[in-house]
Amino acid sequence: METSDLWKAYHKDIRLFIKSKVKNDQIVDDLIQETFIKVHGNKNKLRDHSKIKSWLFTIARNIVYDYFKENKQTTDFINEQICEETYADHSEKDCLPELINRLPEKYRNPLLLSDVKGLKQKQIAEQLEIPLSTVKSQIQRARKMIIQGYMDCCDYKLNDKGKLVGETKGKENCKICR
């Protein structure tokens, strides 16, 4: 898919998403442009084209996050819901933003910086001004809390290998998404 086709199909949705985070229209326009420049440079790396919208929102979210980080406004963005896009079908991905939002802040922030932003744990420790060992334990605890959240919300179970297994419930039966 060409970048121009992606622009035509998704730029309005991306603009609304960025506008919900950044109130200045000029900055919104700059961040949209930056998002699609990154999309253009990385579009050949996308393996599963059925997830293109999710991929676009992830790029936009990271661009907005970088903007807030550069302007010392990281905490405001981190504390908001991860992604506001909606899916036609209910899946385990629909529960994840709320599971993360329900984490205590001391676990949520290091997890987001590590698993969403992709920062090294040492960088997180420096940014949050806490010991590296604390960052490591907070990330591990956050991951365990999310696993427990899936078990509580969606009745998933851990198999013999420690992996979550189960079937996703319909949205009307989900304890978090309904």
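Reader: What share of the 178 residues of the protein counts as buried?
Author: The model is predicted. Buried here means under 20% relative accessible area. Of the 178 residues, the share that meets this is 38%.

Reader: Which elements make up the secondary structure, and in what order do they run?
Author: The protein has eight helices and two strands. Read from the N terminus, the order is α-α-α-α-α-α-α-α-β-β.

Reader: How are the rings of tryptophan 7 and phenylalanine 36 arranged?
Author: The structure holds four aromatic pairs, and these two residues form one of them. Their ring centres are 4.9 Å apart, and the planes meet at 75°. Planes over 60 degrees apart get their own class. The pair is therefore edge-to-face.

Reader: How far apart in sequence are the parts that this pair of tryptophan 7 and phenylalanine 36 ties together?
Author: Tryptophan 7 sits in helix 1, residues 3-21. Phenylalanine 36 belongs to helix 2, residues 25-42. The pair therefore links parts separated in sequence by 29 residues.

Reader: Is phenylalanine 36 buried or exposed?
Author: Its partner tryptophan 7 is partly exposed, at 36% relative accessible area. Phenylalanine 36 has 6% relative accessibility. The cut-off is under 20%, so phenylalanine 36 counts as buried.

Reader: What class of pair do tyrosine 67 and phenylalanine 68 form?
Author: Tyrosine 67 is buried at 18% relative accessibility. Phenylalanine 68 is buried too, at 7%. Their ring centres lie 5.5 Å apart with the planes at 55°, so the pair is tilted.

Terms used. Residues are numbered from 1 along each chain as its sequence is written. This is a predicted model: local features need pLDDT of at least 70, side-chain atom pairs count only at pLDDT 80 or more; totals for chains, interfaces and linings use all residues. Side-chain values use heavy atoms; hydrogens and water are left out. Rings of Phe, Tyr and Trp (its six-membered ring) pair if their centres lie within 6.5 Å; planes under 30 degrees apart count as stacked, over 60 as edge-to-face and the rest as tilted. Helices (H or I, at least four residues) and strands (E, at least two) are DSSP runs, numbered from the N terminus. Buried means under 20% relative accessible area, exposed over 50%, partly exposed in between (1.4 Å probe, protein chains only).
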